[in-house]
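Take a walk through this chain. The route starts at a turn, goes inward, and ends at the surface.

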Amino acid sequence: MALVPYVETAEMGLQRFHKPLATFSFANHTIQIRQDWKQLGVAAVVWDAAVVLATYLEMGTVELRGCSAVELGAGTGLVGIVAALLGGGI
């Protein structure tokens with residue numbers, strides 16, 4: 001379990017998680033994910049770890065075509081979306 005302090009006026013860089021929409025570019029697609037920190041909590045934002053893993057998958061180090069993938073406990077599902085766009089079946 002992780003405890004992440006969040007104060008809207010804090011200058012810790014967490015304000016971006018409070019924005020209602022996060023936009024990313026992966027696998028030649030623009031992906032927009034709605035975020036809702038206030039009502040749904042930490043599971044309803046795109047965390048940096050998801051962006052890093054999606055970037056790693058996009059690099060092609062792991063071949064996803066013809067493979068099945070299951071994304072568990074990854075917040076908004078960005079990694080699963082990117083995996084599917086790269087040919088992985090979910």
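Asn 28 counts as exposed, because its relative accessibility is 83% and the cut-off for that class is over 50%. In this predicted model, Asn 28 sits in the loop between β1 and β2. Its phi is positive, about 60°, although Asn 28 is not a glycine.

Ala 27 lies in the loop between β1 (21-26) and β2 (29-34) as well. Its phi is also positive, near 50°, and Ala 27 is not a glycine either. Is Ala 27 buried or exposed? Ala 27 counts as buried, because its relative accessibility is 12% and the class takes in values under 20%. So the loop holds a buried residue, Ala 27, and an exposed one, Asn 28.

Now step back to the whole chain. It has three helices and two strands. Read from the N terminus, the order is β-β-α-α-α. The chain has 90 residues, and 29% of them count as buried. Its accessible surface comes to about 6200 Å². Carbon and sulfur atoms account for 59% of that area. Among contacts with a separation of 6 or more, 43% join residues 24 or more positions apart.

Next, the interior. The largest nonpolar core has 16 residues. Which of them touch the most other members? They are Phe 26, Leu 78 and Val 82. Two or more core residues come from each of β1, β2, α2 and α3. The biggest share belongs to α3, which gives four residues.

Phe 26 shows how these parts meet. Beyond four places in sequence, Phe 26 touches Ile 31, Val 51, Ala 54, Thr 55 and Glu 58. Phe 26 also touches Leu 78, Val 82 and Leu 85. Two of these partners, Leu 78 and Val 82, are themselves listed with Phe 26 as the core members with the most contacts to other members.

Stay with α3 (78-85). Its buried residues are Leu 78, Val 79, Gly 80, Val 82 and Ala 83. What do the buried residues of α3 pack against? They pack against β1, β2 and α2. Just after α3, the backbone of Gly 87 takes a positive phi of about 105°.

Go back to the end of β2. Gln 35 is found in the loop between β2 and α1 (37-40). Gln 35 counts as buried, because its relative accessible area is 9%. What does its side chain meet? A polar atom of that side chain lies 2.9 Å from the backbone nitrogen of Val 46. Gln 35 has further contacts outside its sequence neighbourhood of four places. On one stretch it touches Arg 16, Phe 17, Lys 19, Pro 20, Leu 21 and Ala 22. On another, Gln 35 touches Ala 44, Val 45 and Val 46.

Val 45 deserves its own stop. Val 45 is in the loop between α1 and α2. Val 45 counts as buried, because its relative accessibility is 1%. Leaving out neighbours within four places, Val 45 is in contact with Phe 17, Gln 35, Trp 37 and Thr 76. How far apart are Val 45 and His 18 in sequence and in space? They are 27 residues apart in sequence and 8.1 Å apart in space, C-alpha to C-alpha.

Move on to the loop between α2 and α3. Cys 67 lies there. Cys 67 is partly exposed, because its relative accessible area is 36%. Beyond four places in sequence, Cys 67 is in contact with Gly 88 and Gly 89. Its C-alpha is 9.8 Å from that of Ala 83, across 16 residues of sequence. Ala 83 is one of the buried residues of α3.

Val 62 is in this loop too, between α2 (48-58) and α3 (78-85). Val 62 counts as partly exposed, because its relative accessibility is 34%. What does Val 62 form with Leu 53, Tyr 56 and Met 59? The four residues form a nonpolar patch on the surface. Together they have about 370 Å² of accessible area.

Terms used:
Residues numbered from 1 in each chain as written. Predicted model: local features only at pLDDT ≥ 70, side-chain atom pairs only at ≥ 80, totals over all residues. Heavy atoms only, no water. Patch = residues over 30% accessible without salt bridge, like charges linked within 9 Å, V, L, I, M, F, W, Y side chains within 5 Å. Areas by Shrake-Rupley, 256 points an atom, 1.4 Å probe, with all protein chains shown as cover. Salt bridge = Lys/Arg side-chain N within 4 Å of Asp/Glu carboxyl O. Buried < 20%, exposed > 50% of the residue type's maximum accessible area, 1.4 Å probe, protein only. Contact = heavy atoms within 4.5 Å. Polar contact = N/O pair within 3.5 Å; in protein donor to acceptor, adjacent residues only side chain to side chain. Core = buried A, V, L, I, M, F, W, Y, C linked by side-chain atoms within 4.5 Å.
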